Amino acid sequence: MKPVISQDRHTLRALMRRRLSAKIFNRLQEIGRLADAGGVSAYLVGGLVRDLLLGYTNLDVDIAVEGDGMAFARRLADRYGAGVKVFDRFATALVVFPDGFKLDVATARCESYAHPTALPTVEPSSIKDDLYRRDFTINALALRLNATPFGELVDFYGGRHDLSAKIIRVLHARSFVDDPTRVFRAIRFEQRFGFRIETHTLTLLKKAAASDLVRRLSGPRLRNEVMRLLSEQAPARAVRRMAECDLLRFLHTGLALTAHLTGLLSDLGKSLAWWTKRFPRRPLDRALVYFIGLMDELSASATHAVVKQLALPGDQANKISLAKKHVAPALRSLARQRSPQPSETYRTLADLPDEGLVLLVAKARSTDIARLVSAYVTTQQHVRPSLNGADLKALGLKPGPIYKKILDRLLEARLDGEVKTRADERELVKKLAKV
Ligand code: ATP
């Protein structure tokens, strides 16, 4: 197939100038000049090319070099006083400029897979082969950076057509077999851009999904794809698509998109929007919120099995288990009491991570409970008694388990407004110590 070169190469140059920051644009031109001087060809590749044509912002600059990419990365670093970290095994390098700007450089390569899901064996090759190993036609576009002709679109596989037609299409029939993470990637791009998975590609995808290929992915690779899906703007739709393609079973055989789960995912969207508006300076792990939601109908032990299988990092695993343990009882407790004392709200919510609080608000579907959570986050969570252990000692109390009891009681009294000053607290301690 002949590459489709843009009819007017200046069109893309102009588009690049218009859509990229001056810093990136100039740096790309410098890279092109350096490639010319070194007698190699350098290309901008990957998501940035796609997003440039779609009009989206993307700051991930990936460069592919026909020739010795690692030597080129070193020259680039030398020339601009940048740091360079070369990963020889993968023929990739990270270049970090003095102003913090980063880019990835790779030697253009072809890939072969020893067996499905294996990490590929790579060999230096042409840009044509480099683009052929990519997941979808829309991600297999490149822009030439050499000075003549800077900005030329390299499109061997019809990516530009598919971008205009809003189609996700694999480059060859073995694509999902070579790398089943692409099953999730197809859904991610389809949902993100409102594209359609092309008919033949969808047949291949469903065939891969119906096989056990996905099971052969390592936990971290599967987790990475699932979390990236859940980090998208509208994860509920992506989950629906996963269910349609029978992919949820790879998380847990008991996982199904029930009416309850559909409703919960939609309520989570609202609850997250509420949280972000109410607490803009308290960002949370959105993907994790949806992940915990997805596990809502699974038992604690089934959830634990999923967490283990995906090898979730400790902090995420911990938040999941806290939410699993405490959301349902907290919900029952808050629903029972019409207007709980602040200390009661505190006790009920204190063990929940923020992601669990968002889940609780979604499940409660009650403005009263949202208000209680809000008061807890803004006020109660920050309340501390002003006396500490050293103060108790100074008051003549013998250290021991009683300290915790007294400090807990002081906190409760502070929360409920029974004590307002240090002197009040001291009085209360004296009373408690007598009992
Ligand atoms: P996003 O905007 O979500 O980051 P992206 O396309 O930049 O999308 P990356 O995962 O950063 O996604 O990948 C960069 C490029 O590397 C892709 O555009 C694609 O060309 C290629 N690529 C990434 N993952 C795969 C894969 N599993 N199979 C084939 N090509 C891939």
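This passage walks through the surroundings of the ligand in a predicted model.

To start with the location, the ligand sits in the largest pocket. Around the ligand there are 15 residues, and among these Arg50, Asp179, Arg182, Arg188 and Arg192 come nearest. Sorted by class, the shell turns out to hold ten charged residues, four polar ones and just one nonpolar one.

Where in the chain do the residues of this shell come from? Both domain 1 (4–158) and domain 2 (166–250) chip in, each with at least three residues. Looking at helices, α3 (47–54) and α8 (181–193) each bring at least two residues to the shell. The top contributor is α8, which gives six residues.

Zooming in on single atoms, a few short distances between the protein and oxygen atoms of the ligand stand out. For Arg50, an N or O atom of the side chain lies 2.8 Å from a ligand oxygen. Arg228 also uses its side chain, with an N or O atom 3.0 Å from an oxygen atom of the ligand. With Gly47, it is the backbone that takes part: one of its N or O atoms is found 3.3 Å from a ligand oxygen. These three pairs all fall within the 3.5 Å cut-off, so they count as polar contacts.

Finally, there is the matter of how much of the ligand is covered. On its own, the ligand has 580 Å² of accessible area, and the protein covers 78% of that.

Methods:
Residues numbered from 1 in each chain as written. Predicted model: local features only at pLDDT ≥ 70, side-chain atom pairs only at ≥ 80, totals over all residues. Heavy atoms only, no water. Near = heavy atom within 4 Å. Polar contact = N/O pair within 3.5 Å; in protein donor to acceptor, adjacent residues only side chain to side chain. Areas by Shrake-Rupley, 256 points an atom, 1.4 Å probe, with all protein chains shown as cover. 1 Å grid on protein atoms, 1.4 Å probe; cavity = no way out; pocket = protein on both sides within 12 Å on 5 of 7 lines; lining within 4 Å. Sits in = over half its atoms within 2 Å of the grid points. Helix = DSSP H or I, 4+ residues; strand = E, 2+ residues; numbered from the N terminus. Nonpolar A, V, L, I, M, F, W, Y, C, P; charged D, E, K, R; others polar. Domains from an automatic or database assignment.
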